[in-house]
Amino acid sequence: MIASSPTNSATGLADFDSRSGSIVERALFNNRLVVVMLCALITLLLGWQATRLQLTASFEKSIPTNHPYIANFLAWQSQLTGLGNAVRLAVENPAGTVYDAKYLETLRRLSDEVFLLPGVARNQMKSLWTPTTRWVGVTEDGLDGGPVIPDGYDGSPAKLQQLGSNISRSGEIGQLVALDAKSSVIFVPLLARDPEGRPLDYAALAGKLETLRTKYEAQGVRIYITGFAKIVGELIDGVRAFLLFFALAVAIATAMVFWFTRCVRSTLLVVAASLVAVVWQLGLLPILGFALDPYSILVPFLVFAIGMSHGAQKMNGIMQDVGRGTHKLVAARFTFRRLFLAGLTALLADAVGFAVLLVIDIQAIRELAIAASIGVGVLIFTNLILLPILLSYTGVSSKAAARSLRAEAVGTKQPLWQWLDRFTQRRWATVAVVASAMLALGGFAVSQHLKIGDLDPGAPELRADSRYNRDVAFMNAGYGASSDVLAVMVNTPDGQCSQYATLNKIDDLEWQLRQIDGVESTSSLALLNRRVLAGLNEGNPKWYEFLPNQNMLNTVTAGAPRGLYNDSCSLLTLYVYLRDHKADTLSRVVTHIEEFSKENDTADVKFLLAAGSAGIEAATNIVVKDAWRMMLFLVYGAVVLLSFLTFRSWRAVLVAVLPLVLTSILAEALMVALGMGVKVATLPVIALGVGIGVDYALYILSVVLTQMRAGKSLSEAYHVALLFTGKVVLLTGVTLAIGVITWVGSPIKFQADMGLLLAFMFLWNMLGAMVLLPALAHFLLKPSPPANALAAEAFGAGLHAN
């Protein structure tokens, strides 16, 4: 039976020595009113600051600006044509083709309105109506060219026929004009800042594009829009809907905690303390110059979830002590003594787990890491300090406290506790360890198939049937060259970009790239020379050659579009149009280009990667891949170090950390099963499994070790841990899993995927702490006789001997 007397006899306020406890405890609890007033003032100030927080996104923050590929792109960005952040609008004529006067007039007006949108790089914008869209061909007068819209265009049949001829000679079929000629594209490169110098507001731009879509579709055309700005617009719209899921998760957590306690005041205080932490976090972000983006919107919920876990432990400890007749202030101080170190270690591990994301050279992830670390840091004040102090004023319901004791009294008879206690015995411990090892091996084998980057066409962050991904499907079906463009920059000395040796190498690389699976087509000055030579010879395919004639190359270069080379003729651009931006496609192409570059670079001519949307994504994938394992190594290193400092036992560290390793392995296997890749949106969540899981392990293991050092057996120590902290671990694990599983209904696919991953992590970390931890403890931890009669007093009141 469990004894009814606490290990510390001071249960009444008159018998309690307020000078006892650590210096931190005395400073806080002997000045409770000051602490509460100070926290209230901070909450008001940061709550006001939180109203200034903006939800936005930045293209530049989502790419690794220090990677050599991106550095090359940024160095030449001003001389490249629309190879960075851009939007494509496909305008379809559902009643015919683009060679229709009414359609062309609608296209002209739409093109003019898009041209005037803030943030558009107007000198690089391209459509059938822009003067930069030109044709080059062979006429009876020799090489000729001009804008595709003929001079004096009036919509007459003759001019429409001439337009068709110009388009066929422009090389834009499959790029600017659909293969079936039923639609054409308005290509809209974007600037990083608007005309007033402010960062481009992608949400506002996406809204204006939707307004234009609605306006012009009412005039008889259909419009399809793709590009980063449009993705961000849909993500932000989805994030606003996600706030409802956050509120639902809070409601579920509140209901579950109340069901567990049957105490309104303590339930509301636990929820309030966790929400105060969220307010502090959101208020600190604008002060530090940060904003929320669609990728970091999960952070406030994670802070709330971690706060609920720690808060429920504090509330449970105080409730048990009050039920035994301890004064509410004394109960709060005893609970603070017992759990502050374990809670502090767990929160520091959480904070470090987020902070290691700073090693990833992507600003969006670094800001997420800072925001999450700030949030976890404030939990030390709101849930480890403020909550016990508030409960020392309010106490808990006497009925709830008595109910808690009745539940504890029958705890030894509960089938669940008896079943869990079996894992402290050799037979069941062996089964648990062997089963976990088999799961780890199987999960590791599956996790080897985990890919880096996107695994699906379109925007994997969105649902497959979302408007954006339907638009992408239309683009891919209607155009021979997709929006996934990888550009190779070929740097030469000034004025030498048309040299035969250089163009010949580009011609060779183009031919090789077109043989690679996933490459749809290519475009370069070398390819233009082949086409012009064939055109000069009546289109005879026998003349589709690359001749070593420098005069001919200079002539073609003089009339070539500037998108193929720059004004000083020191930079050539090789466009590689890909079928998609899947990780395997990008890896194949980039690897081949790098090998070609090593073999063909000279002192004067260098092949540089990479520009274009696919080039930028390839660089991002490389950075994510390099940081992936390093991140996990640093997270586990920090957790191991903090656990060792807390327990001073390498055996205890293994008991705490091995269940986390199993969770990480199985989480990666689950990502494979869900068809998810490791990328900017998913990389942070992989690290979260470690930080979230260590909370559960530390709370249970701290009780087990304290009891075993007091001379109890593992079974006795684990039983006490189950009754004191284990049942709260079970409560929070199930509660938070239910809360996040509701995210599967989110319109944003990556948030739905994160909900599944987080629910899995919450549950599996909870199972690891309840099942695998005692099994490992059976083999690694041995009970020792207490050094003296007061060995367990550091743990405080409320833990009892059998």
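Mentor: Before we start, one term: two residues are in contact when they have heavy atoms within 4.5 Å. Also keep in mind that this is a predicted model.

Trainee: Okay, let's try that word out. Which residues is isoleucine 700 in contact with, leaving aside its neighbours within four places in sequence?

Mentor: Tyr718, Ala721, Thr725, Gly726, Val729, Ala769, Met770 and Leu773.

Trainee: And what about the largest nonpolar core: how many residues does it have, and which have the most contacts inside it?

Mentor: That core has 162 residues. Phe304, Ile360, Met631, Ile700, Leu701 and Met770 have the most contacts inside it, so you've already met Ile700 and its contact Met770. There's also a second, separate core, with 98 residues. Val120, Leu212, Tyr216 and Met475 are among them.

Trainee: Why would nonpolar side chains end up in cores?

Mentor: In soluble globular proteins, nonpolar side chains tend to be buried together.

Trainee: Let me zoom out for a sec. How many helices and strands does the chain have, anyway?

Mentor: The chain has 24 helices and nine strands. Its length is 802 residues, and 57% of them are buried. If you take contacts between residues at least 6 apart in sequence, 81% of those join residues at least 24 apart.

Trainee: Can we pick one helix? Where does α4 sit, and how far does it reach?

Mentor: Helix α4 covers residues 101-115, which is 15 residues. From first C-alpha to last it reaches 21 Å, close to the 21 Å expected at 1.5 Å a residue.

Trainee: What caps its N-terminal end?

Mentor: Aspartate 100 does. One of its side-chain oxygens lies 3.2 Å from the backbone nitrogen of lysine 102.

Trainee: Which residues of α4 are buried?

Mentor: Tyr103, Leu104, Thr106, Leu107, Leu110, Ser111 and Val114. Look down the helix axis and the buried residues fall within an arc of 160°, so they line one face of α4. An α-helix has 3.6 residues a turn, so residues three or four places apart point the same way.

Trainee: And what does that buried set pack against?

Mentor: Five elements: β1 (86-92), α5 (157-170), β4 (183-189), α6 (202-217) and β5 (222-227).

Trainee: Which salt bridge is there between residues of α4?

Mentor: Glutamate 105 pairs with arginine 109, with the closest N and O atoms 3.8 Å apart. The two are four residues apart in the helix, so about one helical turn separates them. Glutamate 105 is partly exposed, at 33% relative accessibility, and arginine 109 is partly exposed as well, at 29%.

Trainee: How many salt bridges does the whole structure hold?

Mentor: It holds 17. Take a look at arginine 337 and glutamate 25, whose closest N and O atoms are 2.8 Å apart.

Trainee: Which parts of the chain does that pair tie together?

Mentor: Arginine 337 is in helix α10 (residues 328-355) and glutamate 25 is in helix α1 (residues 23-29), so the bridge ties together parts that are 312 residues apart in sequence.

Trainee: Is glutamate 25 buried or exposed?

Mentor: Buried, with a relative accessible area of 1%. Its partner arginine 337 is partly exposed, at 22%. The cut-off for buried is under 20%, so 22% doesn't make it.

Trainee: Got one more pair?

Mentor: Aspartate 361 and arginine 366 form a salt bridge too, with closest N and O atoms 3.8 Å apart. Aspartate 361 counts as buried at 17%, while arginine 366 counts as partly exposed at 26%. Elsewhere, salt bridges that share partners join Glu210, Arg213, Glu217, Lys230, Arg467 and Asp471 into one network.

Trainee: New topic: where is threonine 492?

Mentor: In the loop between β6 (485-491) and α16 (500-514). Threonine 492 is buried, with a relative accessible area of 5%. Beyond its neighbours within four places in sequence, its contacts are Cys497, Thr502, Cys569, Ser570, Leu571, Asp604 and Val605.

Trainee: What's the phi of cysteine 569 like?

Mentor: It's positive, near 55°, in a residue other than glycine. Cysteine 569 sits in the loop between α18 (550-558) and β8 (571-578), and it counts as buried at 11%. Alanine 181 also has a positive phi, about 60°, although it isn't a glycine. You'll find alanine 181 in the loop between α5 and β4, buried at 15%.

Conventions:
Residues numbered from 1 in each chain as written. Predicted model: local features only at pLDDT ≥ 70, side-chain atom pairs only at ≥ 80, totals over all residues. Heavy atoms only, no water. Expected span 1.5 Å × (residues − 1). Buried < 20%, exposed > 50% of the residue type's maximum accessible area, 1.4 Å probe, protein only. Arc of directions from axis to C-beta. Polar contact = N/O pair within 3.5 Å; in protein donor to acceptor, adjacent residues only side chain to side chain. Core = buried A, V, L, I, M, F, W, Y, C linked by side-chain atoms within 4.5 Å. Salt bridge = Lys/Arg side-chain N within 4 Å of Asp/Glu carboxyl O.
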